[in-house]
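Got the viewer open? Let's walk through this one stop by stop, picking out a piece at a time.

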Amino acid sequence: MQVKDVMTDKPEYLEASATIREAAIRMQEHNRGFTAIGEREKLVGVVTDRDIALRGIGKGKTPDDPISSVMSGKVLYCYQDDEVTSVLQNMQDQGVQRLAVLNNGKNKDFVGVVALSDIAEKCKDTDLAQRIANCCRTYH
């Protein structure tokens, strides 16, 4: 199974100038714990609900501070044609539960997001289910 078979496609992103409040509202509206941050249609970071809580509120940021002040500038990603098993290993190694999905190594267009929950939802393989469980033990 490839990432493109399980990912959430047609991703939206917020501009880096957006506020923490705007990111939180967007996450709430779409029932997501992750949003991509872009600048002139280039992916420059990601932010999670955990980033907002720990790097934002926990560090005294206000809802009107820029989302770029709490985002992770290191974007972890995979490609849409990657095999799910290798992506699960990548997630476990990195200690994350979501990755940005790029179309290919040449263009590197942002085409989706893959989460452990996306893979689990489509999982029909006992060994794969165990790998998902192992990832959940190590994510941040």
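Start by selecting residues 98–102 and 110–115: these are strand 6 and strand 7, and they pair in the antiparallel sense over five bridges. For a close-up of this pairing, click on R98, then look across to A115 in strand 7, which stands opposite R98. Keep in mind that you're looking at a predicted model.

Now widen the view to the sheet around that pair. Four strands make up this open sheet, in the order 1-7-6-5, with mixed pairing. Add strand 1 (8–9) and strand 5 to your selection: both stand at the edges with a single partner strand each, so one side of each has no neighbour in the sheet.

Next, select residues 84–94. That's helix 3, which lies across strand 5, strand 6 and strand 7 and runs at about 130° to strand 6.

On to helix 2, residues 49–56. Which residues of helix 2 are buried? Highlight D51, I52 and G56, and you have them. Turn the model until you look down the axis of helix 2: the buried residues fall within an arc of 100°, so they line one face of the helix. To see what they pack against, show helix 1 (20–30) and strand 4 (42–48) as well.

Last stop: colour the chain by pLDDT. The average is 86, and 87% of the residues score at least 70. Among the elements of the chain, strand 5 (residues 77–79) has the highest mean pLDDT, at 96, while helix 5 (residues 126–136) has the lowest, at 63.

Methods:
Residues numbered from 1 in each chain as written. Predicted model: local features only at pLDDT ≥ 70, side-chain atom pairs only at ≥ 80, totals over all residues. Heavy atoms only, no water. pLDDT = per-residue confidence, 0-100. Helix = DSSP H or I, 4+ residues; strand = E, 2+ residues; numbered from the N terminus. Pairing = 2+ DSSP bridges. Contact = heavy atoms within 4.5 Å. Axes fitted to C-alpha atoms, helices over the stretch in contact; angles between N-to-C directions. Buried < 20%, exposed > 50% of the residue type's maximum accessible area, 1.4 Å probe, protein only. Arc of directions from axis to C-beta.
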